[in-house]
Amino acid sequence: LAKDRGRNQYQFYNAEMREHVKNRTDMEQALRQALERDEFELYYQPICNLETHRVVSVEALIRWHQPGNGIIGPGAFIPLAEETGLIQPIGLWVLQRSCEQLQQWQEQGIDDLCLSVNVSSNQRQLGFSAQMAEKIINDAGADPRKLVFEITESMFLDSSDEAVTWLKQFKELGASLAIDDFGTGYSSLSYLKQFPIDKLKIDRAFVRDLPDNKEDASLVNAIIAMSHSLNLELITEGVETQEQLQYLHQAGCANIQGFLLSKPVTAEQLPAVIRQIEFSLSSQASADYEI
Ligand code: C2E
Ligand code: MG
Ligand code: MG
Ligand code: MG
């Protein structure tokens with residue numbers, strides 16, 4: 001009986017596995033077609049400076065308009081793109097689209113806005129390089145000094161000279177480097193002095209339970225102190241409440257990003273969203289002042 005049950009389970013597992021593989025293959029095929037059919041779109045999420053009350057930067061976040069399926073977020077397809085190598089052409093498309101958008105903003109007189117692009121760790125293994133980025137930037141006529149490349153700590157598991165050189169070449173283009181999801185990786189902090197990093201983005205896992213959670217508050221305070229002493233620009237991600245904003249502001253975090261300010265929006269929506277954020281932050285500041 002146990003054997004029968006075992007066999008049934010095995011068959012069930014098999015069928016499930018086949019279904020899984022089929023889904024994966026279908027999904028991979030759909031992702032390839034999505035590139036050809038131009039179904040990806042970049043959304044932009046504002047990053048705001050709490051001293052100047054200005055939106056200083058935006059992060060480009062990919063979305064997939066899958067016909068019949070609505071808008072699909074990156075969590076549902078970036079991992080598979082990374083496994084299959086499709087992250088390489090997708091990453092190039094993201095950079096190209098970002099550079100075109102930067103150039104367009106410059107033309108419209110919006111010349112003080114930086115743009116962050118996420119780069120997956122395995123894009124390096126797949127051959128993505130500063131030379132490729134340079135060509136894309138030049139072709140689009142974008143200013144490389146407005147570009148920020150967001151990388152994660154997993155990039156530093158390999159702290160070889162080649163990895164250092166690879167990253168330095170992006171800096172030599174004039175772009176900046178930010179560590180995304182800071183504090184969630186497993187690599188040693190020594191990479192902060194080995195690699196030419198400009199910015200840290202505190203992961204939203206540390207923000208969610210602020211200001212009540214004392215451990216999270218201590219960790220955030222420590223990261224803020226470290227960013228000051230290492231002269232790294234700091235951005236806190238995932239700010240959803242006014243209390244979190246107030247806490248981070250008084251703790252000395254200069255820049256924030258999160259749903260409290262705005263969700264990621266389309267290029268068309270962005271100018272109005274920026275005006276509204278800057279208006280509400282400065283009126284809030286003058287209200288605080290009066291108290
Ligand atoms: P990330 O780079 O850490 O981007 C921030 C994510 O947090 C975004 O999710 C954003 O919508 C979300 N977020 C921002 N503020 C809040 C908040 O206040 N509360 C909550 N709950 N979430 C917030 P999204 O757009 O779904 O992207 C998820 C991840 O997918 C990104 O995390 C990034 O790792 C990856 N990704 C997105 N676009 C690209 C891309 O073009 N290339 C690559 N390689 N990865 C990308
Ligand atoms: Mg990011
Ligand atoms: Mg990330
Ligand atoms: Mg992040």
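Where is the place of D38? D38 sits in the loop between α1 (2–36) and β1 (40–49). Helices and strands here are DSSP runs (H or I over at least four residues for helices, E over at least two for strands), numbered from the N terminus. The phi of D38 is positive, about 60 degrees, although D38 is not a glycine. A second backbone feature is the cis peptide bond that joins L210 and P211, with omega about -5 degrees. P211 belongs to the loop between β7 (199–202) and α8 (214–229). Most residues other than glycine have a negative phi, and most peptide bonds are trans.

The model is predicted: local features need pLDDT of at least 70, side-chain atom pairs count only at pLDDT 80 or more, and totals for chains, interfaces and linings use all residues. Residues are numbered from 1 along each chain as its sequence is written, chains are lettered from A and ligands numbered from 1 in the order in which they are written, and side-chain values use heavy atoms, leaving out hydrogens and water.

Now the metals. The magnesium ion (ligand 2) is coordinated by E59 (OE), N118 (OD1), E150 (OE) and D180 (OD), at 2.0 to 2.2 Å. Donors are N, O and S atoms within 2.8 Å of the metal (3.2 Å for Na, K and Ca); water is not among the atoms, so sites may look incomplete. In sequence, these donor residues follow the spacing E-x58-N-x31-E-x29-D. E59 lies in strand β2 and N118 in strand β4 (residues 114–118), so this pair ties together parts that are 59 residues apart in sequence.

The magnesium ion (ligand 4) takes its donors from D180 (OD), D181 (OD) and E237 (OE), with E237 (OE) listed twice, at 2.0 to 2.5 Å. Their spacing is D-D-x55-E. D181 lies in strand β6 and E237 in the loop between β8 (233–236) and α9 (242–251), so the pair ties together parts that are 56 residues apart in sequence. What coordinates both the magnesium ion (ligand 4) and the magnesium ion (ligand 2)? D180 does, and the two ions are 4.2 Å apart. The magnesium ion (ligand 3) is 4.5 Å from the magnesium ion (ligand 2).

D180 also faces ligand 1. An N or O atom in the D180 side chain is 2.8 Å from an oxygen atom of ligand 1. Such a polar contact is a pair of N or O atoms within 3.5 Å. Nitrogen atoms of ligand 1 are met by polar side-chain atoms of E240, at 2.5 Å, and of Q45, at 3.1 Å. Taken alone, ligand 1 exposes 800 Å², and the protein buries 82% of that (Shrake-Rupley method, 1.4 Å probe).

Around ligand 1 stand 22 residues, of which R63, N118, D180, E240 and F259 come nearest (near means a heavy atom within 4 Å). By class, this shell has eight nonpolar, six polar and eight charged residues. Strand β2 gives the largest share, four residues.

Technical notes
Polar contact = N/O pair within 3.5 Å; in protein donor to acceptor, adjacent residues only side chain to side chain. Nonpolar A, V, L, I, M, F, W, Y, C, P; charged D, E, K, R; others polar.
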